[in-house]
Structure formats: structure tokens, C-alpha cells
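Hello,

Here is the structure I said I would pass on. My notes follow below it.

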Amino acid sequence: MGDSLALLAAAAVGYAWYRTRARRAGLSWPARRDAIFGVGVVAAIWVTSGPPQARGAQLEWVWMAQLLALLLVLPLV
């Protein structure tokens, strides 16, 4: 759980850094990108630290749903 949160925090910091660099360079940056990235980070936190993570070791279908969300759904966001 701690590794995934650290990775997501690093991704959020990197995104904010590039966002700031783009603004300083005068590039347009739609707010929609920020919203989609935020939804992706929140969804990843929920999948890796929420109920799917808590029950994943006990129920095989929850573990499989968690893996499918991480591999198939979150990359689309």
C-alpha cells in the first residue's frame, strides 16, 4: 500500500511540475487535463488503498477486479 501511494504522489508532483513549466512557457493547458488526471489519481488510490485492497487477499474475484482495474481501466483515464 505504501509503495503505490508513494508512486502516485510522485506522479502528482511530476504532473504539477510539468504543468507549471508549461504555464511559464506560455503553452495553453486545458483544465480538462487536470480534471482527468485528478480522477485517475483518485481512482488509483481507491483501487490500491480502498476496499479492493482490503478484501483482495480474502476473495479471489476482488483481487482479479483490482488487477483488471489497474491494467485495463486506469490507463484509459
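To begin with helix 2: Ala31, Arg32, Val39, Val42 and Trp46 are exposed on one side of this helix, across from the buried residues. Please keep in mind that this is a predicted model.

The buried residues of helix 2 are Gly40, Val41, Ala44, Val47 and Thr48. Looking down the helix axis, these buried residues fall within an arc of 130°, so they line one face of helix 2.

The length of helix 2 was also checked. The helix covers residues 31-49, which is 19 residues, and at 1.5 Å a residue it should span 27 Å. The C-alpha atoms at its ends are 27 Å apart, so the expected span and the model agree.

One residue on the exposed side deserves a separate note. Val42 lies in helix 2 and has a relative accessible area of 57%. Because the cut-off for exposed is over 50%, Val42 counts as exposed. The C-alpha atom of Val42 is 9.3 Å from that of Leu8, although the two residues are 34 apart along the chain.

The other finding concerns the surface. Trp63, Met64, Leu68, Leu70, Leu71, Leu72 and Val73 form a nonpolar patch there, and together they have about 660 Å² of accessible area. One of these patch residues, Val73, belongs to helix 4, which runs over residues 60-73. Is Val73 exposed or only partly exposed? Its relative accessibility is 49%, so Val73 counts as partly exposed.

Regards

Technical notes:
Residues numbered from 1 in each chain as written. Predicted model: local features only at pLDDT ≥ 70, side-chain atom pairs only at ≥ 80, totals over all residues. Heavy atoms only, no water. Patch = residues over 30% accessible without salt bridge, like charges linked within 9 Å, V, L, I, M, F, W, Y side chains within 5 Å. Areas by Shrake-Rupley, 256 points an atom, 1.4 Å probe, with all protein chains shown as cover. Salt bridge = Lys/Arg side-chain N within 4 Å of Asp/Glu carboxyl O. Helix = DSSP H or I, 4+ residues; strand = E, 2+ residues; numbered from the N terminus. Buried < 20%, exposed > 50% of the residue type's maximum accessible area, 1.4 Å probe, protein only. Expected span 1.5 Å × (residues − 1). Arc of directions from axis to C-beta.
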